[in-house]
Amino acid sequence: MRSRDGSTAFQAAAFLWLLRKETRELLAARSWWVLLVAMGPLVGVTFISAVRTYAEASGLNGTAAGVGEAFSPLVGIWAPTFSACEVAAVFLLPFVAIRVVAGDRQSGAAKIELQHPMPSLARIGAKAIVLFCAWIVASAPAAIAVVLWKRYGGSIYPPELATVAFGHVLNAGLTIALAAFTAAISEHPSTAAILTLSVTVGTWILNFVAAVQGGVWERLAGFTPPAMVAGFQHGLVRLDVVLVAVVLVFAGLVVAAVWVRTGVAVQRRVSESLTLAAAAAAALFACMLATASWDASENRMNSLPEPDEAALARIPGPLQIEAHLAPEDPRRADLERRSFAKLRRVMPKVQVTYVSATSIGLFEQTSPHYGEIWYGLGGRREMTRSTTTEGMLETIYSLAGMKAPNEADEPIFRGHPLAVPPRGAATIFYLIWPTLILAGAFLLRWGRS
Amino acid sequence: MLHIRNLTKRYGRFTALSDVSFSIRPGEVLGLIGPNGSGKTTLFECLGGVLPLDTGSLTREGRPLSARERASMLFYLPDAIVPWPAQPVRWTIDFTLGFFGGRAYLRDEVVERFELRPLLDVAMGNLSKGQRKRALLAIGVLMPQPLLLADEPFDGLDLRQTRDVAQALRSYAWAGRTIVLSIHQIRDAARVCDRFVLLSGGRGRGEGTLKELSAMAAARGGGASTDLEEVFLALT
């Protein structure tokens, strides 16, 4: 047998056969065809609704300056349209992934295939590759939405569109890795499905706890799939988020590879999994230290004005901010999203601490210090109650003894209003797409047998 | 060819196999005989690397086999599986040949011998139990490893098919293949095997040709029968 020589060509040929097998098994899975059929109407309903809303808003205020952000296709069209992919990744993709990963064990094929001396990571890798490609194919309705938008005369800014798509691809990768992991450790696919959905619900609970408690929970919640996708949907690429997602995907697949092996005692698998989990935790901690980020949005919605960024970058030393605002106080969310998040991108050494005795802040209003925001720089401290970006910048410049920079002459982003109805979209997403998929399913799956 | 020494396998407190030892000789058809629940499948799954051993060893020329050596030396064909249920028999055969680097030159001959030609375009999941068993046996025969372990190879086959499959397996053994069959129907075993390993209650009760086992039974006061059933009953 050639494998005795460890022949690379033999292993490569075996891997190609495995890819072919996984592809055929995917095409034979009902869950895959359900995902494909559902993606049309899912994307359709979000796209049509988004185009209608965008058109209504454009018709009413299409030329008004100062509301340009509302007419950015990133927020108005791509975020809602691609949110259909998020729904599919949470509720449909796991079943496809579990079917592909657990199917071999259910049918007994694993007992035959696992006798090949191929590393188990390569087996899981083949499944992951096929599932990843399957997700790209399943995302075709989103690509159709892009084409339709262009045909309507809509504006497309490729970097922000690519960022949204990349975020959803990463999210799908997380789902695939999670489903592979749960399918590998559980005896039955239904158990794997329950585990996968439990993790998803767990991330929602984490987001809820983060909103109430703040602190470390808030930091952790920033790496959950919904928070990750939300960042990309605003055109923001954060290196720490990307690295954490990549580590989680890789860790999920490696642990899955540990558990799909046969002939290995459970104790050994548990011990290997714990070692891997410890290594993954260390890697995740390291990844969370990365501070680089890129604002891919056309209207620079994640950035401070360029002159301010240049001025802030010149300020040496760490900046401490102490905000006396409760986690559920809307001013805190506003301040965090519109000001502090942008500030962190130019001043990585900024340290924000929230101080509050309650979660909603309603009963703290009488406290004399509630609502205060203290800024500390180079041993000097200054307090403001302003929660606007301008208030924040003014205080920082004052502490640094700097003059606020002059406004740049760069053109103001006024958006891309478009008042057109979503012509033909309903026919394509609700009729043509499902019909084509069902016909394809019949020809490929049932027509063959 | 291969020595199995003191193989023990436990599921929690239940001991499925206890100190089982026997040898496999090159080119023979060895029958693993035992009633339901005697540990035949567990033994095969341990040998095939599907289950981990608690204690015991597989050695070749006095040296323990590594997992990679075992994978290149033996192929285990499990019973009661419906692998790749959506895939047609033709593709299943081609896949296993390509994936394992099997004996492609035997493909057409094996398809004929196991009467698979009319079934080539039928999905594995749509085959009857006997048809599926023949398809899986064909896959087993086409695998490149010199040693084939087949769990209950005649289960689901009718009388004529059992005879034909037994002849086919014998012919591949004559051609140099070593085959170990786990069989609970003693008459079927007597028809095809050169030697036997008797298993009962998870313990090895005897190993040898019918003549050797008969002598062993006689030595234990069980009479000098040449009927495998009688010998089995006397030794277990």
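**Group meeting: a sheet in chain A, and the contact with chain B**

I'll start with a helix. Helix α15 of chain A, residues 330-346, lies across strands β3 (319-323) and β4 of chain A, and its direction is at about 165 degrees to that of β4(A). Keep in mind that this is a predicted model. For chain A the mean pLDDT is 90, with 93% of residues at 70 or more. Among the elements of that chain, helix α7(A), residues 140-151, has the highest mean, 97, and helix α10(A), residues 215-221, the lowest, 82.

Now the sheet under α15(A). This is an open sheet of four strands in chain A, in the order β4-β3-β5-β6, and the pairing is mixed. At the edges are β4(A), residues 350-354, and β6(A), residues 380-384, each paired on one side only. From one strand to the next, the twist averages 15 degrees.

Take one pair from that sheet. Strand β5(A), residues 373-377, runs antiparallel to β6(A), and five bridges join the two. Within it, Tyr375(A) stands opposite Glu382(A) of β6(A).

A second helix also lies on these strands. Helix α16(A), residues 389-400, lies across β3, β5 and β6 of chain A, at about 155 degrees to β6(A).

Last, the other chain. How many residues does each chain bring to the contact? Chain A brings 25 and chain B brings 27. On the chain A side, α1(A), residues 8-27, and α5(A), residues 109-113, each supply at least two residues. The largest share comes from α1(A), with seven residues. By type, the chain A side that touches chain B has 12 nonpolar, eight polar and five charged residues.

How values were computed: Residues numbered from 1 in each chain as written. Chains lettered and ligands numbered in written order. Predicted model: local features only at pLDDT ≥ 70, side-chain atom pairs only at ≥ 80, totals over all residues. Pairing = 2+ DSSP bridges. Axes fitted to C-alpha atoms, helices over the stretch in contact; angles between N-to-C directions. Contact = placed C-beta atoms within 7 Å. pLDDT = per-residue confidence, 0-100. Nonpolar A, V, L, I, M, F, W, Y, C, P; charged D, E, K, R; others polar.
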